[in-house]
Amino acid sequence: TTARGEETEHVPVWCMRQAGRYLPEFRESRAGKDFFDTCRSPEACCELTLQPLRRFPFDAAIIFSDILVIPQAMGMDVQMVAGKGPTFPDPLKEPEDLQRLQAKVDVDKELGYVFKAITLTRHKIEGKVPLIGFTGAPWTLMSYMIEGGGSRTFSKAKRWLYRHPEASHMLLRMLTDVIVEYLLGQVAAGAQALQVFESHAGILGPVEFQEFSLPYLRDIARCVKEKLKDAGKDIPMIVFAKDAHYGLEDLSQSHYEVVGLDWTIDPRSARERTGGKVSLQGNMDPCAFYAPKERISDIVKKMLEGFGTRGYIANLGHGLYPDMDPESVGAFVEAVHQHSKQMIKQK
Ligand code: CP3
């Protein structure tokens with residue numbers, strides 16, 4: 001409802017990484033198990049997705065999975081290394097390496113485990129809140145596939161953009177095609193909204209963003225919506241391009257109903273720059289969870305006043321960190337509900 005700009009009783013709220021290591025029950029479920037083995041178990045994904053909902057009155061669930069299941073489906077090996085994060089033992093080095101990739105992916109065969117997790121979770125939620133499916137965006141996935149893991153500069157991946165622009169576009173196109181099929185599969189399995197994570201938008205400048213990120217983000221939304229329309233379905237889509245403040249106007253005209261914001265953007269100026277064309281989602285700095293609880297309530301109040309209560313989904317500007325206190329998350333959710341209910345009543 002909010003994604004479409006209609007008013008609700010209170011502003012809806014969820015948190016990126018709401019299923020995560022900050023919850024003791026999450027750490028217990030994950031203990032001693034390989035990360036991607038967990039992703040491949042529909043029962044485990046369902047349980048991890050539901051854990052935060054048992055604790056807090058979140059207004060949405062996001063399926064537990066990872067963006068890097070797509071490079072895996074295209075034939076790349078990806079490991080989650082403790083203390084290091086995602087690691088590709090054999091990353092793409094030169095354009096010839098594209099031949100190693102599976103260009104046409106049978107998503108039901110390679111990613112059917114995600115679809116099963118979504119269907120199972122959708123049943124278990126019993127309609128209480130919508131279930132969000134997600135994907136990584138082409139540039140973010142490409143940057144991992146070339147860099148081989150996290151990086152401060154992502155200079156290996158950016159080298160491709162400057163030295164091998166044609167091969168870069170070939171790879172981005174391949175990823176886009178797989179992503180469209182993957183998102184359609186998630187909707188068929190029961191996802192009720194879709195978020196596209198362009199987590200590495202910020203390492204691009206405005207010119208590179210225009211060429212290597214935005215056209216693919218647009219294509220994804222356009223193709224998914226076109227195919228869903230043929231099936232008589234209409235699913236809201238959220239684009240979260242982290243640190244892409246330079247691209248905000250364009251993002252608000254890229255066929256997504258909702259634009260997610262990181263904490264570097266001021267709510268009022270985000271509203272002005274997007275001209276009421278889209279709903280907005282975000283954008284409290286997750287580090288505000290280190291503040292005392294009364295302070296969290298004040299921060300939330302200011303954020304709500306900045307965004308307004310209409311066409312707004314409260315969230316963080318990026319995911320929660322493992323050392324955060326679950327009680328702060330509870331205070332955040334409560335503050336969003338309380339303050340927004342009051343603001344709506346006073347209108
Ligand atoms: O609750 C949720 O948000 C849903 C689940 C979710 C995960 N990953 C689970 C996860 C989602 C939406 C993602 C997306 C994802 N994965 C992104 C895009 C969002 C963002 O953070 O910008 C990215 C870049 C990844 C790649 C990835 N996976 C990273 C960088 C890490 C962190 C590694 C680390 O050691 O901190 C992961 C692992 C991961 N994915 C965890 C979770 C809960 C933590 C590791 C664990 O559970 O053992």
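User: Helices here are DSSP runs of H or I with at least four residues, numbered from the N terminus. Which helix supplies the largest share of the lining of the largest pocket?

Analyst: The model is predicted. In it, strand 2 (79-81), strand 3 and helix 6 (138-147) are among the elements that each supply at least two residues of this lining. The largest share is three residues, and the element that supplies it is helix 1.

User: Where does the ligand sit?

Analyst: The ligand is surrounded by 22 residues, with Arg17, Arg21 and Asp66 among the closest. Arg17, Arg21 and Asp66 are also among the lining residues nearest the centre of the largest pocket. In agreement with this, the ligand sits in the largest pocket.

User: What is the volume of the largest pocket?

Analyst: The lining of this pocket comprises 43 residues. By class, 23 of them are nonpolar, 11 polar and nine charged. The space they line has a volume of about 1,300 Å³.

User: How far is an N or O atom in the side chain of Arg21 from an oxygen atom of the ligand?

Analyst: A polar contact requires a pair of N or O atoms within 3.5 Å. Arg17 offers a backbone N or O atom at 2.7 Å from a ligand oxygen atom, and a polar backbone atom of Ser65 lies 3.5 Å from a ligand nitrogen atom. For the side chain of Arg21, the distance to a ligand oxygen atom is 2.6 Å.

User: How many residues of the shell around the ligand are charged?

Analyst: Helix 1 (24-30) and strand 3 (85-87) each contribute at least two residues to this shell. Of the shell residues, 13 are nonpolar and five are polar. The charged residues number four.

User: How much space lies in the second largest pocket?

Analyst: This pocket is lined by 19 residues, and those closest to its centre include Thr1, Thr2 and Asp59. Its lining has 12 nonpolar, five polar and two charged residues. The space in the second largest pocket is about 390 Å³.

User: Which strand supplies at least two residues of the lining of the largest cavity?

Analyst: The count of cavities of 30 Å³ or more comes to one, and the largest cavity holds about 40 Å³ of space. Among its lining residues are Ala241, His245, Leu248, Val259 and Gly260, and the lining divides into seven nonpolar, two polar and one charged residue. Helix 11 (248-251) supplies at least two lining residues, as does strand 7 (258-260).

Notes
Residues are numbered from 1 along each chain as its sequence is written. This is a predicted model: local features need pLDDT of at least 70, side-chain atom pairs count only at pLDDT 80 or more; totals for chains, interfaces and linings use all residues. Side-chain values use heavy atoms; hydrogens and water are left out. A residue is near a molecule or strand if one of its heavy atoms lies within 4 Å of it. A polar contact is a pair of N or O atoms within 3.5 Å; within protein, one must be able to donate a hydrogen and the other to accept it, and residues adjacent in sequence count only if both atoms are side-chain atoms. On a 1 Å grid over the protein atoms alone, a cavity is a set of points where a 1.4 Å probe fits but cannot get out, and a pocket is an open set with protein on both sides within 12 Å along at least five of seven lines; lining residues have an atom within 4 Å of a point. A molecule sits in a cavity or pocket if more than half of its atoms lie within 2 Å of its grid points. Ala, Val, Leu, Ile, Met, Phe, Trp, Tyr, Cys and Pro count as nonpolar, Asp, Glu, Lys and Arg as charged, and the others, Gly among them, as polar. Grid points are joined across faces, edges and corners, and a volume is the space filled by probe spheres set on the points.
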